[in-house]
Amino acid sequence: MDSQPKWRKIASVTLFSLLAHVNVADRFCIAGLIPQIQPYYSINDGQAGLLQTAFILAYVVFSLIATFIGDRFNRKWILLVANVAWILLMIASSFIPSNMFWLFLLLRSVSACGNAISFGVAVPMIGDLFQNDSSSRGYALMTFYWSLPIGSSAGILLCSVLSQYIDWQWTLRIWPAMAIILLLLITVFVEDSRIVDESRLTLRDVWDDLKIVFQVYFLNGFNQFIPGGNNVISAEIVMDVIPASRRATATSILYVIAYLIGDCPGPYIVGAISDALRANSDDPEVRFYSLTHALFATSSLFLPTAIVFGLAAFFLKRERISTNEETNRLQLYDDQLQVENSEVDIEEEKN
C-alpha cells in the first residue's frame, strides 16, 4: 500500500487536488453567471436554483454508480473516463441557444459525472496512498478538500468578472481546457493503489458501511462555519472506520446522503421562497432581502445537525477497532498472496 515513492504520492495528491479545484470551480461558476443566464434563457429565481438542484440529483446518480464500480475496477481509469465525459458535456453546454433552457439544464446536470466520480474515487485513492501514515493522510485530505472553498470562490469570482468582458458562454470553456492538461498528467504520474481482496462486496458490507457513513455525514453540517476543514475530518473518519477494500463505496454513499438531503433540495427551496417573498418585484433591494431571508430556511438546520453528530460520536471508537482488525486481515491475505506468487515464479524458473 505504501510502496509508492514519496514523489509519486505528492504528485498524485497535487493532481487530484487541482482536478477537484477545476471540477468545483466549474460547478459554482453558474452562480457567478446568474445575472447573464436569467435574461438569456428568460428564467426566474426558482428555475435558476433548479440548475443546482438538478445537478445534485445527477450527482447522486453518478455517486451510486461510483459506489458500484469504485471498489471493483481500476480507479485511475474510472476517474479519467468520467472527466473526459465531463469535458465534452461542458463544452457542449456552452453552445445551447436561448430557446432551449431544458437542454442547458440537462447537460449541466449530467456533467455531474466528473465531480461525483472524482470525489468518490480520488478520496479513497488518497487514503490508500497513506494507509499506514494517518498524519500524512490528514494533510493530503486537507489539501484535497480545500478545493471546496477555493474552487467554488474561484469559479464564482472569475466567471463573474470575465463575463463582463467576454460572452458568458466562453467562461464555461475555461475549466474543461484546464482539466485536459491535468488528465494528461494524471495518466502519466498516477498509479492506482489498493489492498488486494478477492472477496465479493456483500449487501451486509454495504449496510454496515452505510450505518457508519450516515453517522459521519452529520459532521458536514459544520462546513459552513469552517469551509473545507470539516470535510477533511469527515473523510479522515471514513478512512478510519471503513476497510480499504470498501472505501470507494463508503465515500460515494457519504456524498449521496449529504447531497440528497442537503445540497439537492436546498437551492430550489431557497429560490422558490425568494420568488414568493419578492412577489415578482424587480427592485434590487427587494430581490436582495428576499434571497437573504430565504437562506434562513436552510441555516436553521445547523442545530439539529450538531446534536445528531454529537450522538454519532459514541459509535466511532468501536467501529475503528473493528476496521483495524479487518485491515490487518486483508494485509495478511495480501502478504500471503505475494509469497504464493513468488513460490510459483521460482517453480517456473526451475522447470
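Trainee: Leaving aside neighbours within four places in sequence, which residues is Arg-278 in contact with?

Mentor: Ground rules: this is a predicted model, where local features need pLDDT of at least 70, side-chain atom pairs count only at pLDDT 80 or more, and totals for chains, interfaces and linings use all residues. Residues are numbered from 1 along each chain as its sequence is written, and side-chain values use heavy atoms, without hydrogens and water. With contact meaning heavy atoms within 4.5 Å, and neighbours within four places set aside, Arg-278 is in contact with Asp-45, Val-286, Arg-287 and Ser-290.

Trainee: Is Arg-278 buried or exposed?

Mentor: Arg-278 sits in helix α13, residues 265-278; helices here are DSSP runs of H or I, at least four residues, and strands are E runs of at least two, numbered from the N terminus. Buried means under 20% relative accessible area, exposed over 50%, and partly exposed in between (1.4 Å probe, protein chains only). Arg-278 has a relative accessible area of 10%, so it counts as buried.

Trainee: What distance goes with the polar contact between the side chains of Ser-118 and Asn-23?

Mentor: Ser-118 lies in helix α5 (residues 112-129) and is buried at 3% relative accessible area. A polar contact is a pair of N or O atoms within 3.5 Å; within protein, one must be able to donate a hydrogen and the other to accept it, and residues adjacent in sequence count only if both atoms are side-chain atoms. For the side chains of Ser-118 and Asn-23, the value is 3.0 Å.

Trainee: Which helix gives the largest share of the largest nonpolar core?

Mentor: A nonpolar core is a set of buried Ala, Val, Leu, Ile, Met, Phe, Trp, Tyr and Cys residues joined through side-chain atoms within 4.5 Å. The largest one has 75 residues, and Ile-37 and Phe-104 are among those with the most contacts inside it. Its largest share, 14 residues, comes from residues 6-41, helix α1.

Trainee: And the nonpolar surface patch: which helix gives the most to it?

Mentor: Patches are made of residues with over 30% relative accessible area and no salt bridge (a side-chain nitrogen of Lys or Arg within 4 Å of a carboxyl oxygen of Asp or Glu); like charges are joined within 9 Å, and nonpolar side chains (Val, Leu, Ile, Met, Phe, Trp, Tyr) within 5 Å. This patch covers about 710 Å², with Leu-157, Tyr-165 and Trp-170 among its members, and areas come from the Shrake-Rupley method with a 1.4 Å probe, only the protein chains shown counting as cover for residues. Leu-162, at 31% relative accessibility, is partly exposed. With four residues, the one giving the most is helix α7.
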